[in-house]
Amino acid sequence: MKELLKKYQQLSEREQYMVIACSVVFIIGMFYWLVWSPLNTAIERNETAVKAKQSELSWVKKNAAKAIQLKRSSRGGAQYTGSLTQAVNQTAGRYKITISRMQPQNDILKVWVDEVPFNDVVTWLQSLESMGITIIDIDLAQADAPGLVKIRNLQLGKS
C-alpha cells in the first residue's frame with residue numbers, strides 16, 4: 001500500500017486527478033454491475049411472479065363459488081340407495097370389467113381388479129358417479145401390457 005501511495009505522490013497534479021476520477025468511475029461501475037443490476041433484476045422477476053400469483057388468486061376466488069355450487073349440485077342430484085356391491089357388479093359387467101376381490105366395510109366398499117383397459121375404468125367410474133356413488137380413494141398401477149391398469153384399491157361410498 002505504501003508503494004502505491006508513493007507512486008501516486010510522484011504523479012503530477014493533473015495525473016492524480018485523472019487517477020481519482022478513474023477510480024471513482026471504476027467504483028461506481030463495480031457497484032452497478034455487482035450490486036445494483038442483480039438486485040434490480042431480482043426485484044423485477046419477483047414483481048412479475050407476484051403479479052402472476054395475484055391474477056391466479058383472483059381467478060381462484062372468482063371461480064371458487066362456481067366450484068362449490070357444482071359440487072353441491074352434483075351431490076344433490078343422484079343419491080344411491082341400493083347395495084354398493086350390487087351396483088358395482090352390475091356396472092362392471094356392463095363394461096366387461098372382471099373384479100378380482102370386493103370387501104365391504106360399513107358404508108365403504110373396497111374393490112380390486114387385476115388388469116383392465118384404462119379407458120374402460122374411466123367410463124365405469126363415471127357411470128358409478130352418475131348413479132350417486134362416490135369414489136373415496138383409488139390406487140392404480142400400470143399393468144404389463146400397454147393401455148392396461150391394475151386397480152390395487154378402489155374405495156367407493158354412497159353420497
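**View 1. Trp33 and its aromatic partner.** At 60% relative accessibility, Trp33 counts as exposed, and this value, like the others in these legends, is computed from a predicted model. The search for aromatic pairs comes to a count of one. That pair joins Tyr32 and Trp33 in an edge-to-face arrangement, with 5.9 Å from centre to centre and 75° between the planes. Tyr32 has a relative accessibility of 42%, so Tyr32 counts as partly exposed.

**View 2. A charge over a ring at Trp112.** Here the residue to look for is Arg101, which lies over the face of Trp112. The distance to the ring centre is 4.1 Å.

**View 3. The largest nonpolar core, seen around Trp124.** This core has 20 residues, and those touching the most other members are Val88, Val111 and Trp124. Two or more residues come from each of α3 (84-94), β2, α4 and β4. If you centre on Trp124 and set aside residues up to four places away in sequence, you will find that Trp124 touches Val88, Thr91, Ala92, Tyr95, Ile97, Val111, Ile151 and Leu154.

**View 4. The buried side of helix α3.** Which residues of α3 are buried? They are Leu84, Ala87, Val88, Thr91 and Ala92. Because these residues cover an arc of only 120° around the axis, they sit on the same side of α3. Their packing partners are β1 (99-105), β2, α4, β3 and β4.

**View 5. Asn89, a partly exposed residue of α3.** Asn89 also belongs to helix α3. Is Asn89 buried or partly exposed? With a relative accessible area of 42%, Asn89 is partly exposed, since buried would require under 20%. Leaving out residues up to four places away in sequence, Asn89 touches Ile99 and Met102. For a sense of distance, Asp114 is 25 residues from Asn89 along the chain, and their C-alpha atoms are separated by 15 Å.

**View 6. Ser127 in helix α4.** Ser127 lies in α4, the helix of residues 118-130. Its relative accessible area is 10%, so Ser127 is buried. Which residues is Ser127 in contact with, leaving aside neighbours within four places in sequence? The contacts are Thr91 and Tyr95. Both of these residues are also touched by Trp124, and Thr91 is one of the buried residues of α3.

**View 7. Ile108 in strand β2.** Strand β2 covers residues 108-117, and Ile108 lies in this strand. Ile108 counts as partly exposed because its relative accessibility is 29%, which falls between the limits of 20% for buried and 50% for exposed. Neighbours within four places in sequence aside, Ile108 is in contact with Gln103, Ile136, Gln155 and Leu156. You can also pick out Thr85, which is 23 residues from Ile108 in sequence and 9.8 Å away in space, C-alpha to C-alpha.

**View 8. The hairpin of β3 and β4.** Strand β3 (residues 133-142) pairs with strand β4 (residues 148-158) over nine bridges. The sense of this pairing is antiparallel. To follow the pairing by eye, try Thr134, which stands opposite Gly157 in β4. Between the strands of this hairpin there are five residues. Gly147 is the residue to check if you like backbone torsions: in this hairpin, Gly147 takes a positive phi near 85°. As a reminder when looking along either strand, side chains in a regular strand alternate between the two faces of the sheet.

Technical notes
Residues numbered from 1 in each chain as written. Predicted model: local features only at pLDDT ≥ 70, side-chain atom pairs only at ≥ 80, totals over all residues. Heavy atoms only, no water. Helix = DSSP H or I, 4+ residues; strand = E, 2+ residues; numbered from the N terminus. Buried < 20%, exposed > 50% of the residue type's maximum accessible area, 1.4 Å probe, protein only. Contact = heavy atoms within 4.5 Å. Phe/Tyr/Trp six-rings, centres within 6.5 Å; stacked < 30°, edge-to-face > 60°. Lys NZ or Arg CZ within 6 Å of the ring centre and 35° of its normal. Pairing = 2+ DSSP bridges. Core = buried A, V, L, I, M, F, W, Y, C linked by side-chain atoms within 4.5 Å. Arc of directions from axis to C-beta.
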